[in-house]
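Biologist: Could you take me on a close look at one part of this model, the metal site, and then walk me outward from there? I'd like one connected story rather than a list.

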Amino acid sequence: MSLVVGIETSCDETGVAVLRNGEQVLSNVVSSQIDVHRVFGGVVPEIASRMHTEIISQLMEQALNEAGLSCKNGRPPVNAVAATFGPGLMGSLLVGLSFGRAVACAWKIPFVPVHHIEGHLFSAFLGENRPEFPYLALVVSGGHTQIVQCAAPHQYRILATTRDDAVGECFDKVARLLGLPYPGGPSIQKAAETGDDGAFDFPRGLVAKDTLDFSYSGLKTAVLYMLRERPDAAVPDVAASFQRAAVDALIQKTDRAVKQSGIHRLVIAGGVAANKRLRESAAQLDVELFLPPFAYCLDNGAMIAAAAHSRLQHGCPLPGDTPAAASISLVSKP
Ligand code: KG4
Ligand code: ZN
């Protein structure tokens, strides 16, 4: 039996989880800082790292308790500790990484650094159906918009990326323009429920071009200009039309990637994977679809533990002394 503790502190969620045998989540505690950052309209890095520091020991204790693990000779029966090393906010990353490394050292077990996006990919392995290889993954979060080809365990090729804003970032910025609370994704989704998604025709970035890449800054600017001209526009209509355009661009590019690659298995992961319209639209694609359970779409420790378990199983964990990295690609060596 293998027990892995996963720690996630790359942004504004502190997450600690215990995973058994790479698939059974024994506990997954997440403390969100959203209420504190909402006042500022976005994440304040200094506040984020302080808050991770204040709560992380307590969350570790809670995760171990909820998993039913008690200490013998001062340590629980855990096989490895994993934490996100990047990308993310440097101060926040350092909290989880240093804490995880210290705990692993005290418990005399391996420490496994995990790339945040690889963590998101592994959230799909926490659902009932697990994807077989090869598969494509649409990774959509506050910092990333990518289509990744996963040929075999831990072998990735990035087929598409965003040339400017990430889709989650665009949801957050447009929500701000509309006076909706942070984080923008859930606020826009909620406002859109009562809106007309055909009220405004917003651009789908780069869909006419012969590339798989995404672009979201034009969409954000189009909403800004429209609101300047029509400040009285109904918020639900703008939210619904924006959400439609944002999701359409994701779906059209993903459809193209499926056809070009001939790979008909698709994982959607990252915070924006929680979006209902995206989940419904993706169900129309000619693919076998793997969506993480809602609980594992947003940042959490379980996905980090899942990625670490797999790396240990395949004999390719990253070196324990891998440094924190604010900006690092999934395919580059840390
Ligand atoms: O993966 P995540 O928790 O953190 C990062 O790695 O960035 O994703 C956070 C992003 C935010 O931009 C948030 O607005 C977006 O995910 N998000 C959503 C929804 N829930 C969260 N976007 C659209 N619809 C949602 N329901
Ligand atoms: Zn994330």
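Modeller: Sure, and one bit of vocabulary before we start: a residue is called buried when its relative accessible area is under 20%, exposed when that value is over 50%, and partly exposed in between. Keep in mind that this is a predicted model.

Let's begin at the zinc ion (ligand 2). Its donors are NE2 of H116, NE2 of H120 and an OD atom of D299, sitting at 2.0 to 2.1 Å. Read along the chain, those donors follow the spacing H-x3-H-x178-D. The short gap in that pattern falls within a helix: H116 and H120 are four residues apart in α4 (residues 116-123), so about one helical turn separates them.

How exposed or buried are the two histidines? Both H116 and H120 are buried. For H116 the relative accessible area is 7%, which is why it counts as buried under the 20% cut-off. Setting aside neighbours within four places in sequence, H116 is in contact with E8, S10, T84, G86, P87, D299 and M303. D299, then, is on the contact list of H116 as well as being a zinc donor.

Now over to helix α10 (residues 301-313), where you'll find S310. This serine has a relative accessibility of 7%, so it counts as buried too. Its side chain makes a polar contact of 2.7 Å with the side chain of H154. Beyond its neighbours within four places in sequence, S310 is in contact with F122 and H154.

From here we can move on to the nonpolar packing. In soluble globular proteins, nonpolar side chains tend to be buried together. The largest nonpolar core in this model has 49 residues, and those with the most contacts inside it are L138, F202, Y216, V238, F242 and L278. Elements giving two or more residues to this core include β6 (135-140), α5 (167-177), α7 (217-229) and α9 (276-282). Helix α8 provides the largest share, 12 residues.

F242 is a good place to look around. Leaving out neighbours within four places in sequence, F242 is in contact with C170, F171, V174, I188, F202, L219 and V223. Apart from that core lies another one, of 31 residues, with V148, Y156, A305 and A306 among them.

Notes:
Residues numbered from 1 in each chain as written. Chains lettered and ligands numbered in written order. Predicted model: local features only at pLDDT ≥ 70, side-chain atom pairs only at ≥ 80, totals over all residues. Heavy atoms only, no water. Donors = N, O, S within 2.8 Å, 3.2 Å for Na, K, Ca; no water. Buried < 20%, exposed > 50% of the residue type's maximum accessible area, 1.4 Å probe, protein only. Contact = heavy atoms within 4.5 Å. Core = buried A, V, L, I, M, F, W, Y, C linked by side-chain atoms within 4.5 Å. Polar contact = N/O pair within 3.5 Å; in protein donor to acceptor, adjacent residues only side chain to side chain.
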